[in-house]
Amino acid sequence: MVVIVVKLPKKVKIGFMRYNVEYPVVFEDDSTTAGLHFGVFGSIQVSKISSNGLHEVFHGIDLIFCCDALSENTVEKISKAWIQVIADNDLFIKDENKYPKEVKIGPFKYAVSIGHNDFKGTIGDVVSAHNSEQLCLKVATRNGKEFHPIYVKSNFMHVLFCAIIASYSIEAHADDVKNFNWKIFSNGVYQVFFENNLEELIKAHF
Ligand SMILES: [Zn+2]
């Protein structure tokens, strides 16, 4: 049996906001509450009964980067999917020059192709693309100058997110779509995981 352990930081930076994380919290009025996110107070509370400690952090990313566009159900799906992907892979989020050779997303394995010569599909002018078996990053230049490695890594995080959405059949709820953009959300995920070292706090134990 695989057990995924998510340790929580005491503080978390989400965009410009600074959150305090309280864990474990006992919610007296409703013992089934797994956690609460209070954007206006910069406060995240997580119950000791929570099976998904980062769920509230993803509410924070949604609020700060995407105007609180996502439904509860979508936040739950996205946070669980990211936790699996972080637990089962080494994404080298803190090292913009390093990439995994392949990424396991749910039951699927995607090869990571840097440079686009062996990518099965068209990539054109864009920096990243994916199909059902590959994540591809183009080594892009403009006016003879290479793109900044952090910018390229943010595109890896985005194309990874696109593959996560496809693998887990996640859809932004119809009411949310007008304010919602997956690229902006994935920029938020990259910033939050990078600045708070969250990748180190999620581990799968076999
Ligand atoms: Zn929630």
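## A four-stranded sheet

Four strands make up an open sheet here, lined up in the order S6-S7-S9-S8 with mixed pairing. Strands count as DSSP runs of E at least two residues long, helices as runs of H or I with at least four, and both are numbered from the N terminus. To be called paired, two strands need at least two DSSP bridges between them. At the edges sit strand S6 (102–105) and strand S8 (128–130), each pairing on one side only. On average, neighbouring strands of this sheet are turned by 20° against each other, ignoring direction.

This is a predicted model, so local features need pLDDT of at least 70 and side-chain atom pairs count only at pLDDT 80 or more, while totals for chains, interfaces and linings use all residues. Residue numbers start from 1 along each chain as its sequence is written.

## Zooming in on S8 and S9

S8 pairs with strand S9 (residues 134–137) in the antiparallel sense, over three bridges. Look for His-130: its bridge partner in S9 is Leu-135.

## A helix across the strands

Helix H3 (residues 149–167) lies across S6, strand S7 (108–114), S8 and S9, and runs at about 20° to S8. Such angles go from 0 to 180 degrees between N-to-C directions, using axes fitted to C-alpha atoms (for helices, over the stretch in contact).

## Meet Pro-24

Now for strand S3 (residues 17–25), where you'll find Pro-24. Is Pro-24 buried or exposed? Pro-24 is exposed, because 12 other C-beta atoms lie within 10 Å. The cut-offs are 12 or fewer for exposed and 20 or more for buried, with partly exposed in between, and the C-beta atoms are placed from the backbone.

Leaving out residues up to four places away in sequence, Pro-24 touches Val-46, Ser-47 and Lys-48. Contact means C-beta atoms, placed from the backbone, within 7 Å.

Methods. Contact = placed C-beta atoms within 7 Å.
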